[in-house]
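Dear colleague,

Below I am passing on the structure we spoke of, with notes on what was found in it. Please read the notes with the model open beside them.

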Amino acid sequence: MRRRILLKSLPALAGASLRPAAAQPAPLRRTIPKSGEKINAVGLGTWLTFDVGEEVVERTRRLQVLQAFFDAGGGMIDSSPMYGRAERVLGELLPQVDHGGKLFAATKVWTAFGRVGPTQMTESLRLWGPGADGRVPGREPRRFDLMQVHNLLAWNDHLRTLRAWKEKGRFRYIGATTSHGNKHDEMERVLRNEPIDFMQITLNLADRSALPLIELAASRGVAVIVNRPFDGGLLFNRVGRRPVPEAAREVGCASWAQAGLKWILAHPAVTCAIPATTSPAHVAENMSALHGPLPDAAQQRRIAAAFDAL
């Protein structure tokens, strides 16, 4: 009797399996001005969060973060030799994650001595290992997608090296970074005088000082990566358990993380924001900012005003 019921039900089950799945909304993607390539507008930072040792629990947690990131459509992962063991951890975990060739590998050169730059960058390639080139599984990486001068340290020397390595195909893009609202005058000189592809800088609801530089970058055809979108986590300390403002709810935000990211991404010159986290659930929350409407100019102002009033 059970078999007859099962056999009768097979056509219905087969029909159900053939029904098209509900279409998922396309995530927000932004164009890299120098190439026209599009990347997802939320990436993943690794400062502090991926500087872990051999503990199984910690490693497993980071593996879950990476898988959640790629499952949600993530692409850009940003790191640096300054971040302790982060590059090594990425190199060991990325081969265990199915990223479907979506990885956009970005790291930095961080040394005060120009002559040391090539050695450091070669070591970064080694540490990232086979996972650094998402297009060639199981092989040593041929290149990084993006190499940046970290915090503008010895940028004159390093940018010469980066240009030469880019011409040799070791990187696809080059750039420079700063954070915490520092060295904006130097970054302006770089933007005006150096042929870089990316600028990385801090922007969040608590620190809007980079907005003029972001506009300058846009006018120069330079992509913008936003670091510290949550002010290193201090944003959440400030908002506490307060509900998100009405203007953020109007664009589908249920949390301050979503509101903060959508406020940033509403600036059209921003190419990608790179929040860092140790929580797979927070990855999913951050990546949800890729979907739905962004605040218009009036809603941006209202969100900022609500934050300022706290």
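In this predicted model, helix H6 (residues 184-193) packs with helix H7 (residues 211-219) at an angle of about 5°, and their axes lie 10 Å apart. Because angles under 35 degrees count as roughly parallel, H6 and H7 are described as roughly parallel to each other. On the H6 side the contact is made by His 184, Met 187, Glu 188, Leu 191 and Arg 192, while H7 contributes Leu 213, Leu 216 and Ala 217. Sorted by class, the residues in the contact of H6 with H7 are five nonpolar, one polar and two charged.

A second helix pair has another geometry: the axes of helix H2 (residues 56-71) and helix H3 (residues 86-93) come within 11 Å and cross at roughly 70°, which makes H2 roughly perpendicular to H3. Here Arg 59, Arg 62, Leu 63 and Leu 66 in H2 meet Val 89, Leu 90, Glu 92 and Leu 93 in H3. By class, the contact of H2 with H3 has five nonpolar and three charged residues, and no polar ones.

Turning to the aromatic side chains, the structure holds eight aromatic pairs, one of which is formed by Phe 104 and Phe 198, a tilted pair with 6.2 Å from centre to centre and 55° between the planes. This pair links distant parts of the chain, since Phe 104 belongs to strand E5 (residues 104-109) and Phe 198 to strand E8 (residues 198-202), with their positions 94 residues apart in the numbering. Both Phe 104 and Phe 198 are buried, and ring pairs also bring in Tyr 173, so that Phe 104, Tyr 173 and Phe 198 are linked into a cluster. Elsewhere in the list of ring interactions, Arg 170 lies over the face of Trp 165, at 4.4 Å from the ring centre.

As for the protein as a whole, there are twelve helices and ten strands, and buried residues make up 51% of its 310 residues. Among the contacts in the protein with a separation of 6 or more, 74% are accounted for by residues 24 or more positions apart; the pair of Phe 104 and Phe 198, at 94 residues apart, links distant parts of the chain in its own right.

With kind regards

Notes. Residues are numbered from 1 along each chain as its sequence is written. This is a predicted model: local features need pLDDT of at least 70, side-chain atom pairs count only at pLDDT 80 or more; totals for chains, interfaces and linings use all residues. Side-chain values use heavy atoms; hydrogens and water are left out. Axes are lines fitted to C-alpha atoms, for helices over the stretch in contact, and angles run from 0 to 180 degrees between N-to-C directions. Helices (H or I, at least four residues) and strands (E, at least two) are DSSP runs, numbered from the N terminus. Angles under 35 degrees count as roughly parallel, over 145 as roughly antiparallel, 65 to 115 as roughly perpendicular and the rest as oblique. Contact means heavy atoms within 4.5 Å. Ala, Val, Leu, Ile, Met, Phe, Trp, Tyr, Cys and Pro count as nonpolar, Asp, Glu, Lys and Arg as charged, and the others, Gly among them, as polar. Rings of Phe, Tyr and Trp (its six-membered ring) pair if their centres lie within 6.5 Å; planes under 30 degrees apart count as stacked, over 60 as edge-to-face and the rest as tilted. Buried means under 20% relative accessible area, exposed over 50%, partly exposed in between (1.4 Å probe, protein chains only). A charge sits over a ring if NZ of Lys or CZ of Arg is within 6 Å of the ring centre and within 35 degrees of the ring normal.
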